[in-house]
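The following exercises concern strand pairing and charged side-chain contacts. Each task is followed by a worked solution.

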Amino acid sequence: MAQADGHDHESGSELSEIELRVRALETVLTEKGYVDPNALDLIVEAYETKIGPHIGQRVIARAWSDPAFKQQLLDDATQAVRTLTEVNRVSDHLVAVENTPTLHNIVVCTLCSCYPWDVLGLPPVWYKSAPYRSRAVKDPRGVLAEFGVTLPADTKIRVWDSTAETRFLVVPMRPAGTEGWAEDPLASLVTRDSMIGAGLPKAATEPA
Amino acid sequence: MDGVHDMGGMDGFGQIVRESNEPAFHKAWEGRVMAMNRALGAAGAWNIDMARFSREALPPAVYLSSSYYQRWQLALELLLIDRGLIDADELAAGQGLRPGKRLRRGKFTTADLDRVMTRPCCARPPDAPARFTPGDQVRAKNIHPRTHTRLPRYVRGHTGIVERVQGCHVFPDASALGKPEAQWLYTVRFQGQELWGKETDPTLTVSVEAFEPYLDPQ
């Protein structure tokens with residue numbers, strides 16, 4: 001069981017209060033027959049090793065390479081992603097939104113932390129944090145500047161607040177100088193943040 | 001409810017702190033909390049809207065001073081006790097003192113992993129045609145339910161344009177109360193200046209996913 005984490009505590013040999021509390025709850029749930037701890041191990045393992053932004057990178061690289069796929073993705077992202085053999089499963093209600101030279105999309109969940117787990121994995125701490133959730137809808141240009149992204153003043157900014165079960169995936173613009181690139185090197189330019197709209201893809205000249 | 005979780009547009013939370021090469025979980029306990037939440041949801045102990053409401057209903061000072069997974073743990077304990085699935089003395093003792101109750105879909109086992117790896121489909125057959133179509137002007141209602149809602153405060157009373165019809169979905173406001181109800185869901189786009197005033201970036205638009213009962217025609 002991953003619970004046997006005696007080496008993972010905050011200081012000395014004492015478990016922290018929250019560790020004790022979580023351990024107590026898991027023991028109670030196990031003893032009352034609600035969960036098999038081995039099943040919990042599998043969930044943790046899946047999010048640590050299987051589900052992550054590499055899935056979204058494949059989706060974006062395909063969209064950059066294949067105009068018909070990109071159109072399918074924009075029309076119905078769930079169905080389009082399900083056609084990719086390298087992607088096991090994706091939930092319903094995925095929506096892909098495309099950045100253009102005149103429009104930049106950025107995604108937030110002001111009410112909690114809704115995020116397209118299936119294609120990006122678990123959200124980073126900053127995405128779930130109060131500073132991002134509070135400011136993204138009011139001053140996204142300031143947020144982007146803090147992230148090192150400066151857009152032209154006339155580029156329109158569109159914020160998508162994920163207030164229902166629809167989930168948003170940003171399709172960033174394909175970097176210049178990548179004409180003729182295969183999908184693998186293209187995928188290496190796609191950053192997680194660029195699929196949230198909080199960043200841009202790497203440039204063709206940057207090391208992958 | 002008008003809680004601190006509804007933080008769109010609030011000031012004063014400071015800089016956004018980012019971390020390079022962030023792990024899925026910073027501590028092993030975070031993964032256990034996430035997994036327990038997913039497993040109990042999949043076992044049918046409650047639905048996603050009930051789980052969200054339990055986190056929103058944490059006292060504001062607790063909500064703001066707890067990390068994301070701490071909030072999940074606290075809310076999970078409260079939900080389990082509220083539903084009578086565990087008792088406070090069991091938590092304090094760190095062991096089960098009484099037999100468990102039957103969960104709607106039974107114990108969560110390794111055979112159930114697939115069920116937690118995708119979110120359930122929220123689309124439902126509509127009872128009536130959609131009231132709005134893309135391009136319609138609508139106003140978000142000025143409502144303040146004490147219960148769960150997914151209409152953020154910062155759009156209430158403001159006028160926007162219906163951009164997309166996303167289908168007919170489970171209505172979270174009712175679902176959190178255990179009532180099965182489906183409503184049409186729309187992407188409604190607002191001008192930044194409509195929400196935040198004339199000093200705001202004129203290029204900004206913001207959309208929310210709004211259920212039909214949140215909207216009035218304009």
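A residue is buried under 20% relative accessible area, exposed over 50%, and partly exposed in between. The model to which this is applied is predicted.

**Exercise 1.** Classify B:Arg189 and its salt-bridge partner by accessibility, and locate both in the chain.

*Solution.* Step 1: B:Arg189 forms a salt bridge with B:Glu163, with 2.7 Å between the closest N and O atoms. Step 2: B:Glu163 belongs to strand 2 of chain B and B:Arg189 to strand 3 (residues 182–191) of chain B, 26 residues apart, so that distant parts of the chain are linked. Step 3: B:Arg189 has 27% relative accessibility and therefore counts as partly exposed. B:Glu163, at 23%, is also partly exposed.

**Exercise 2.** Treat the pair A:Lys70 and A:Glu98 in the same way.

*Solution.* Step 1: the closest N and O atoms of this salt bridge are 2.6 Å apart. Step 2: A:Lys70 lies in helix 4 (residues 67–75) of chain A, while A:Glu98 lies in strand 1 (residues 94–98) of chain A, 28 residues apart. Step 3: with a relative accessibility of 25%, A:Lys70 is partly exposed; A:Glu98, at 26%, is partly exposed.

**Exercise 3.** Determine which strands stand at the edges of the open sheet of 7 strands.

*Solution.* Step 1: the strand order is 2(A)-3(A)-4(B)-3(B)-2(B)-1(B)-5(B), with mixed pairing. Step 2: strand 2 (103–108) of chain A and strand 5 (215–217) of chain B each have a single partner strand, so one side of each lacks a neighbour in the sheet.

How values were computed: Residues numbered from 1 in each chain as written. Chains lettered and ligands numbered in written order. Predicted model: local features only at pLDDT ≥ 70, side-chain atom pairs only at ≥ 80, totals over all residues. Heavy atoms only, no water. Pairing = 2+ DSSP bridges. Helix = DSSP H or I, 4+ residues; strand = E, 2+ residues; numbered from the N terminus. Salt bridge = Lys/Arg side-chain N within 4 Å of Asp/Glu carboxyl O. Buried < 20%, exposed > 50% of the residue type's maximum accessible area, 1.4 Å probe, protein only.
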